[in-house]
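This report introduces a protein to a reader who has not met it before. Please look over the sequence and the structure, and then read on.

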Amino acid sequence: MKINTIITVNNNPNHPGVERLTKSAEKFGWELYVIDAQWKGFGTKLIETYNFLINNPQIERFVFVDAHDVVVLSDPETFNSVLSWYNKENKMLVSCEKACWPDSSLSKQYTHSDSEWKYVNSGLYYAPSDIFIKVFESSRPEYHDDDQLWLSKRYLDDKTNCKVSLDDCCSLFQSYSHIADDDFAYRDGLLINLKTNTAPIFIHGNGRTDMTLIDQLL
C-alpha cells in the first residue's frame, strides 16, 4: 500500500504556515487533510488524529505534520521509495531533533544512535493507521499532555518500541533548528543534510526557526 496522505491538526485557518503547507503539498501531489479543532493543549494533535482515523478507516497509512511550520519538498513516489528502502513501512517512523525536549533527563535512554539528530520530535511522523491506533490505545493521552513527551515515552517504552522507530538519519524528515553552519546545503529545490548525506522530504522549522531559505526552494 503506497502512501500519499498527509494529516495535520489546526486551530487557526488564517495562519500563513497553513497556506504554505497546503501549497507545498499540492505542488508535489499529496492529499492533505486539515483537521480543524479547538486547541485544548498539545494532546489535541494526538487525540484529533486518532479520532479522525477511527472515523476514516479507508486511510491506511499517513504522514502527520505540524500545521504551522512544515514544508513539503518532494512527491509521494520519492517518499515511498525511500521508506521501502529503509524497510520501515510497517512501523511508525518519527522525526528526530538535536534537543531532548521537553524532558532532558530522558536523553540517557537514547543509546541507539550517534547521530546529531536522535531525539524524538513529534512534529513529523509516518504511521500505518493500525499501528498508530495501537500505540495511542496503549497509553491514551489527555489534552493537557505534551505530545512530544508522550511520543518519546512510547518510543522508550518496552511495550511499544517495536512499533516505533526513529528517522535519525533524516532520510524523510528534517527538524530544522539548532542549525550549525555546516549542517545543510540548499540546491535544486532540495535541502541536503551534509552530516547524513540525505535529502529529507518534510522540513519542520520547529522552535520558530527562520524558514526563508526553505521557502526559496519551492
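## Surface and interior

In this predicted model, the protein exposes about 10,200 Å², and carbon and sulfur atoms supply 46% of that area. Turning from the surface to the interior, 54% of the 218 residues of the protein count as buried.

## Overall build

The protein has 6 helices and 11 strands. Its radius of gyration is 16 Å, which is close to the 17 Å that the globule rule gives for 218 residues, so the protein is as compact as a globular protein of that length. The C-alpha trace, followed along its principal axes, spans about 40 × 40 × 30 Å.

Among the contacts in the protein with a separation of 6 or more, 79% are made by residues that lie 24 or more positions apart.

## A three-stranded sheet

An open sheet is formed by 3 strands, which follow the order β4-β11-β8 and are paired in a mixed manner. The edges are occupied by β4 (70-72) and β8 (173-175), and each of these has a single partner strand, so one side of each is left without a neighbour in the sheet. From one strand to the next, the twist averages 15°.

The pairing of β4 can be followed in detail, since 3 bridges join β4 to strand β11 (residues 202-204), and these two strands run antiparallel. Within this pairing, Val-72 has Phe-202 of β11 as its bridge partner.

Terms used:
Residues numbered from 1 in each chain as written. Predicted model: local features only at pLDDT ≥ 70, side-chain atom pairs only at ≥ 80, totals over all residues. Heavy atoms only, no water. Pairing = 2+ DSSP bridges. Helix = DSSP H or I, 4+ residues; strand = E, 2+ residues; numbered from the N terminus. Axes fitted to C-alpha atoms, helices over the stretch in contact; angles between N-to-C directions. Rg over C-alpha atoms; globule rule 2.2 N^0.38 Å. Buried < 20%, exposed > 50% of the residue type's maximum accessible area, 1.4 Å probe, protein only. Contact = heavy atoms within 4.5 Å. Areas by Shrake-Rupley, 256 points an atom, 1.4 Å probe, with all protein chains shown as cover.
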